[in-house]
Amino acid sequence: IIIKVCLVMLVKFLLVLVFLSICYTQQTCEVNRPRINCGYNGITESECVANTSPGCCWNPVNPNPNNEPWCYYVNSLVEGYEVQSVVSTNLGYNLSLSLIGNGPERYQPDITPLQATIEYFTENIIHVKIFDPNDDRWEVPDSVIEINPPVNPPAHTDFTFSYTDNPFGFAVTRNSDKVVIFNSTITGSNSPYN
């Protein structure tokens, strides 16, 4: 009976060690991988590290020419989509996107291919739409927003659309003051903006 109890305790101890080693390896903060921001501009180390529910890492980058986040998710590698082709249109661009790899299982099913349309409606309105080109979905009717696409592009726009090929991400920058008003690019990739 003593040997049986010792064996059970040994098995339980080994299971705990395996569990702890799995948890430890999943929480490793890798420095040289693309980073997905886990915080906000101006976050401090203590605020970042306290944000433990998603598992955040703190690693300042200096110099920081690619504007990489200092506070980022532990397992930041999500392959995402890559640009397969870019076609210029009268109002902007059409981008064809394909899935890289299989994507994380928790977000299945993935849609592939995806289509992105970028249209400059007016000097102050840029329309970015990412959608499944093979399956219709419900969308807010145009009559609700009451902005009809123009026939011709505006002569001047106050926004610049930029993107990364692989993984796909995009940014919209206001030209008048150079403020980035939207950015979904993953920093640390080989080509921060094309």
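Is Cys38 buried or exposed? Select Cys38 in your viewer and keep that question in mind: at 7% relative accessibility, Cys38 counts as buried. Buried here means under 20% relative accessible area, exposed means over 50%, and partly exposed is in between (1.4 Å probe, protein chains only).

**Before you click further**

You're looking at a predicted model, where local features need pLDDT of at least 70, side-chain atom pairs count only at pLDDT 80 or more, and totals for chains, interfaces and linings use all residues. Residues are numbered from 1 along each chain as its sequence is written, and side-chain values use heavy atoms, with hydrogens and water left out.

Try colouring by pLDDT, the predictor's confidence in each residue, from 0 to 100. The protein chain has a mean of 77, and 74% of its residues reach 70 or more. Over residues 2-26 the value is below 50, and this stretch has two contacts in the model beyond near neighbours in sequence; a contact means heavy atoms within 4.5 Å. Now go to residues 188-194: pLDDT stays under 50 there too, and the model has 19 contacts for them beyond four places in sequence.

**Stop one: the disulfides**

Back to Cys38, and add Cys56. These two form a disulfide, with sulfur atoms 1.7 Å apart; the rule asks for a pair of cysteine sulfur atoms within 2.5 Å. Cys38 sits in the loop between helix H1 (2-26) and helix H2 (45-50), while Cys56 is in strand S1 (residues 56-58), so the link ties together parts that are 18 residues apart in sequence. Helices (H or I, at least four residues) and strands (E, at least two) are DSSP runs, numbered from the N terminus. Cys56 counts as buried, at 14% relative accessibility.

How many disulfides are there by this rule? The count comes to two, so select Cys48 and Cys71 next, whose sulfur atoms are 2.1 Å apart. Their link is right-handed, with 90° about the S-S bond. Cys48 belongs to helix H2 and Cys71 to strand S2 (residues 71-73), 23 residues apart. Both are buried: Cys48 has a relative accessible area of 0%, and Cys71 has 1%.

**Stop two: a hairpin**

Show strand S3 (residues 81-88) and strand S4 (residues 92-99). They pair in the antiparallel sense over seven bridges; two strands count as paired if DSSP finds at least two bridges between them. S3 and S4 form a hairpin, with three residues between them. For one bridge, select Tyr81 and look across to Leu99, its bridge partner in S4.

**Stop three: the nonpolar core**

Which residues have the most contacts inside the largest nonpolar core? Select Leu95, Leu97, Ile126, Phe161, Tyr163 and Phe168: those are the ones, in a core of 16 residues. A nonpolar core is a set of buried Ala, Val, Leu, Ile, Met, Phe, Trp, Tyr and Cys residues joined through side-chain atoms within 4.5 Å. At least two residues of this core come from each of S3, S4, strand S5 (114-122), strand S7 (159-164) and strand S8 (169-174). The largest share, four residues, is supplied by S5.

Zoom in on Phe161. Leaving aside its neighbours within four places in sequence, Phe161 is in contact with Ile118, Tyr120, Ile126, Val128, Phe170, Ala171 and Val172. Apart from this core lies another, of five residues, among them Cys38, Ile43, Cys48 and Cys71. In soluble globular proteins, nonpolar side chains tend to be buried together.

**Stop four: the salt bridges**

Side chains of opposite charge can pair when their charged atoms come close. A salt bridge is a side-chain nitrogen of Lys or Arg within 4 Å of a carboxyl oxygen of Asp or Glu, and by this rule the count comes to three.

Start with Lys129 and Glu139, where the closest N and O atoms are 3.1 Å apart. Lys129 is in strand S6 (residues 125-131) and Glu139 in the loop between S6 and helix H3 (142-145), 10 residues apart. Lys129 counts as partly exposed at 22% relative accessibility, and so does Glu139 at 36%.

Next, add Arg137, which meets Glu139 in a salt bridge (3.9 Å, N to O). Last, select Asp177 and Arg174, whose side chains meet at 3.0 Å, N to O. Shared partners join Lys129, Arg137 and Glu139 into one network.
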